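I opened a new notebook page for this structure. My plan was to look at how helices meet, then at what lies inside.

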Amino acid sequence: MRGPVAERPAPLVLVTTPREGAPFGSHTAIVADAQRLLATDLSRRLGRLGAAVAPLPASDEAGFHWGRWFVAAARAALGGAGGPVDAIGYAGGGALSLLGDDGLDALLSPVPGEVVANNRFSADAFVVAGDLDAALAVLEGCDSDNGAPRALNEAGFGWRDLGQAPWARFDVDTTLDLALLRVATRLPSPRRLDEATRRYLEMARLPGGGELAVPHLAAIGEVIRDRSAELVVAGRIPGVTQQELETETACRVRSFVEERGMRSARATGSPPRSLLAAFMARTSAGELVEELCRMGDAVVLDTRVLMAAIAGSADAAAWPPEEERFASDYGDASRVATPWLRELAEAAAANPVPVLCGGHALVSDGLRLIVAAAWQGH
């Protein structure tokens, strides 16, 4: 593959490996174990396509800054490359698991002066080519991987977005994302996962003993297939997903699109804002769930927009802790201490209308998987 650039030096890609030490059996430990498998598989796939790959151990230091962390590791990897390198890249350990080899090949093939990203406004993976000293100087100032391609573009690099490629945006950050990945293993369209990952998805158990399953999957599928029903979707819904909802569902779709690209927009200094969060502040988390449920027959809600708006920050460090976020996606209020999030999880679990909560992966490629599963009978 990589025919047009085969004579160039191999691009160097740093692939994140997750932190160690999460409590055994916790949501965070389950995700970390899966990300290790996914990072290993991604590294092998990149290597088969001609890239040089270096591991990028996650940092747990206080005051973590993505740009300084990445650039220090990148300079060390370049110093040990043993030959010329004119393209360097980054991939989160849970990224690109469903992207086919053609998409990966495109990611690895920027022309000099260009950055290619899986999502230019909220990247989980990118490769930049050309003046690497200039590129690293720009990246060193980025406090998030999500905003890296935008920062490079503003510094004069061209950019190419793979976000329209099938499943390019899917990224595993949560246990619900793993459940969606498990759904993908039962569908014909996404790429086939490696055997170790598929076994893990089947064997892993959530805190409390449940399997990695998407809550209300069958009920939401019934709504998707029903011409008289209405699906309510709220959050950072990409245009490509919105188009698929319009063309591939039998039901009506009511969408509230808020804060797309919020994590790449930190540099503007404008805090995240949300009409749904404002409504919740004037009423309550429970009333927000009730109101959304009155609007349709099933609800899919990106709760991270609410978290960002309430915290006044797109930095996840300012949100409720990871374990609470992941548990709330499953309606497990017993593991949620943050009062408003606990109330929201309780209301979602108690409502007769199916309410599925999650993050960006859910309302982007995750929704596309749910729609595909609805028509496949999964």
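Entry one, a helix pair. I looked up where H12 touches H13 in this predicted model. Thr303, Arg304 and Met307 of H12 meet Arg325, Phe326 and Asp329 of H13. I sorted these residues by class: the contact has two nonpolar, one polar and three charged residues.

Entry two, the geometry of the pair. Two packed helices are described by the angle between their axes and by the distance between those axes. I read off both values. Helix H12 spans residues 303–311 and helix H13 spans residues 322–329. Their axes come within 11 Å and cross at roughly 140°. H12 is therefore oblique to H13. I also noted the hand: H12 passes H13 in a right-handed crossing.

Entry three, the interior. Which residues have the most contacts inside the largest nonpolar core? I found Leu231 and Val233, in a core of 47 residues. Next I listed the elements that each supply at least two residues of this core. Among them are helices H1 (27–48), H6 (175–184) and H7 (195–203), along with strands S7 (230–235) and S9 (298–302). Helix H15 (360–376) is also on that list. H15 gives the largest share of this core, nine residues.

Entry four, one core residue. I picked Val233 and set aside its neighbours within four places in sequence. Val233 is in contact with Leu245, Val253, Arg254, Ser255 and Phe256. Val300, Val363 and Leu367 also touch Val233.

Last entry. Apart from the largest core lies another, of 30 residues. I wrote down four of its members: Ala285, Ala327, Ala348 and Val355.

Definitions and conventions: Residues numbered from 1 in each chain as written. Predicted model: local features only at pLDDT ≥ 70, side-chain atom pairs only at ≥ 80, totals over all residues. Heavy atoms only, no water. Core = buried A, V, L, I, M, F, W, Y, C linked by side-chain atoms within 4.5 Å. Buried < 20%, exposed > 50% of the residue type's maximum accessible area, 1.4 Å probe, protein only. Helix = DSSP H or I, 4+ residues; strand = E, 2+ residues; numbered from the N terminus. Contact = heavy atoms within 4.5 Å. Axes fitted to C-alpha atoms, helices over the stretch in contact; angles between N-to-C directions. Parallel < 35°, antiparallel > 145°, perpendicular 65-115°, else oblique. Left-handed = near helix turned anticlockwise from the far one by under 90°. Nonpolar A, V, L, I, M, F, W, Y, C, P; charged D, E, K, R; others polar.
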